[in-house]
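User: Please take a close look at a single part of this protein and describe its surroundings in one connected account.

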Amino acid sequence: MRELFELRGADPQLLFSPYCWRVRLALLHKGLEFESRPLRFTDKQPLACSGQQQVPVLRDGDSVVHDSVAIFRYLDRTYPDKPLLGAGLAESRAALLERVIFHAVRMPLLKVLLPRVFAVIDAADKDYFRSTREKALGATLEAFADPEAGAVQLKQALAPLEAWLAEQPYLDGEAPAGSDYLVGGLFFWAWCLGTQPWATDSAVGVWFQRLLNHYQTACGPVKRAALD
Ligand SMILES: N[C@@H](CCC(=O)N[C@@H](CS)C(=O)NCC(=O)O)C(=O)O
């Protein structure tokens, strides 16, 4: 039995965590089926088996793995067909890409998405989310959120990807693989929250639509918040 513990909104079908999306895309890549276990932020008990408190957590038989990049590595070692990251230097380069993307793209997106996350989470999560995020950000949610500035910063951060994707359909070449899922998870985050703060006719916008079509063709429609 394979289970993916992932994040849900007030609507149990609204799955919006960027890191959980990475793992969904990776499991599709490997052709591995799983049972989804959607959790609220404050549903911590089911995560106890992983020894920490964040999703995604993958339970695969006797193995329990947390952290999206660690799950990619686990999947490549356990199911070597169709590599996500590859081995050796390829693996460390993917980890580098993840770090760069995390810092360059996540923060601008957070400025855009924070009010949307707060709007879709369950009432039981609101106080927890506000207090943990305000502590981490050093500002109130309202003071940190700035969708217009976030969209401008995002465009700048995406410039290298825009040039790269003008030359090939996916970040990893002719077909999607680990890099596409590491970056794409952040785009699914925005899309599920009902927005696309990038130019849909840009190379990046076309790439994301390709990745979304790839996922939806295999797995069916992705639940999206209707916030606008
Ligand atoms: N580095 C981790 C980050 C995971 C993470 O930040 N997960 C968030 C959801 S998007 C979480 O579970 N937060 C729980 C909490 O804030 O209590 C990964 O790549 O999986």
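Analyst: A polar contact is a pair of N or O atoms within 3.5 Å, where, within protein, one must be able to donate a hydrogen and the other to accept it. The model examined here is predicted, and the part chosen is the loop between helix 3 and helix 4, where Asp-122 is placed and where Asp-125 also lies.

Asp-122 comes first. A polar atom of the Asp-122 side chain lies 3.0 Å from the backbone nitrogen of Ala-124. Buried means under 20% relative accessible area; Asp-122, at 15% relative accessibility, therefore counts as buried. When residues up to four places away in sequence are not counted, Asp-122 touches Arg-8, Gly-9, Ala-10 and Arg-40.

Asp-125 can be described in the same terms. Its relative accessible area is 0%, so Asp-125 is buried. With neighbours within four places in sequence left aside, Asp-125 is in contact with Arg-40, Phe-41 and Thr-42. Arg-40 is thus among the residues touched by Asp-122 and among those in contact with Asp-125. Along the chain, Asp-125 and Pro-147 are 22 residues apart, and their C-alpha atoms are separated by 22 Å.

The wider setting of the loop is given by the domains. The domain assignment gives domain 1 (2-78) and domain 2 (89-218). Their C-alpha centres lie 18 Å apart, and the contact between them takes 23 residues from domain 1 and 28 residues from domain 2.

The largest pocket belongs to this setting as well. Its volume is about 860 Å³. Of the 34 residues that line the largest pocket, those closest to its centre are Tyr-19, Phe-41, Gln-54, Arg-106 and Arg-133. Phe-41, one of these, is also in contact with Asp-125. Two or more lining residues are given by each of helix 1 (18-30), helix 2 (68-78), helix 3 (89-120) and helix 4 (126-137). Helix 3 supplies the largest share of the lining, eight residues. By class, the lining has 19 nonpolar, seven polar and eight charged residues. Because domain 1 (2-78) and domain 2 (89-218) both give residues to the lining, the largest pocket lies between them.

To draw the account together, the loop between helix 3 and helix 4 holds Asp-122 and Asp-125; the two helices that it joins both give residues to the lining of the largest pocket.

Technical notes: Residues numbered from 1 in each chain as written. Predicted model: local features only at pLDDT ≥ 70, side-chain atom pairs only at ≥ 80, totals over all residues. Heavy atoms only, no water. 1 Å grid on protein atoms, 1.4 Å probe; cavity = no way out; pocket = protein on both sides within 12 Å on 5 of 7 lines; lining within 4 Å. Points joined across faces, edges and corners; volume = space filled by probe spheres on them. Helix = DSSP H or I, 4+ residues; strand = E, 2+ residues; numbered from the N terminus. Nonpolar A, V, L, I, M, F, W, Y, C, P; charged D, E, K, R; others polar. Domains from an automatic or database assignment. Buried < 20%, exposed > 50% of the residue type's maximum accessible area, 1.4 Å probe, protein only. Contact = heavy atoms within 4.5 Å.
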